[in-house]
Amino acid sequence: MDAIRLKAIRLKNFKNIIDSKIEFENDELKPVTALYGPNGSGKSVVIEAMEIFKLLSSKESLRLPFYFIKAGDNTTTLEYVFSYNEYKVKYFVVFKANVEAKATTIIK
């Protein structure tokens with residue numbers, strides 16, 4: 001059975017990450033992805049970005065705080081790329097300080 005898989009996540013001005021894209025293996029022989037690195041390298045930040053995506057699909061998204069916008073900036077962009085069979089879905093979320101989040105979905 002085919003599953004929807006997270007292929008990549010891009011974080012821009014998100015907490016301590018200025019601009020970073022993480023691509024995930026989608027090999028059925030390697031179904032687990034491990035995040036590893038030294039303290040302060042951003043492992044927990046990636047997990048928080050995934051949690052925000054989960055919250056966006058619920059009513060809780062209306063209460064999302066803007067604590068994650070990098071200091072000195074007023075905009076954070078999160079991009080999630082999923083795959084399902086031959087389809088590729090890009091989901092962009094833009095947060096601006098003191099403004100409601102705006103989400104865009106692109107299906108190819």
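**Exercise 1.** In this predicted model, find which residue of strand E3 is the bridge partner of Lys12, and then work out how strands E1 and E3 pair.

*Solution.* Begin with Lys12, whose bridge partner in E3 is Thr77. Next, widen the view from this one bridge to the strands: E1, which covers residues 5–14, pairs with E3 in the antiparallel sense, and seven bridges connect them.

**Exercise 2.** Describe how strand E3 is joined to strand E4, and state which residue between them takes a positive phi.

*Solution.* First, place the two strands, with E3 at residues 75–84 and E4 at residues 87–96. They run antiparallel and are joined by 10 bridges. Then look at individual bridges, among them the one that pairs Tyr84 with Tyr87 of E4 and the one that pairs Glu79 with Phe92 of E4. Finally, turn to the hairpin of E3 and E4, where two residues lie between the strands and Asn85 takes a positive phi near 55°.

**Exercise 3.** Decide whether Glu79 is buried or exposed, and list the residues that it touches.

*Solution.* Start by locating Glu79, which lies in strand E3. Its relative accessibility is 10%, and because the limit for a buried residue is under 20%, Glu79 counts as buried. Leaving aside residues up to four places away in sequence, Glu79 touches Ala8, Ile9 and Arg10, and also Lys90, Tyr91 and Phe92; the last of these, Phe92, is its bridge partner in E4. As a last step, consider the whole strand: seven of the 10 residues of E3 are buried, so E3 is largely enclosed by the rest of the structure.

How values were computed:
Residues numbered from 1 in each chain as written. Predicted model: local features only at pLDDT ≥ 70, side-chain atom pairs only at ≥ 80, totals over all residues. Heavy atoms only, no water. Pairing = 2+ DSSP bridges. Helix = DSSP H or I, 4+ residues; strand = E, 2+ residues; numbered from the N terminus. Buried < 20%, exposed > 50% of the residue type's maximum accessible area, 1.4 Å probe, protein only. Contact = heavy atoms within 4.5 Å.
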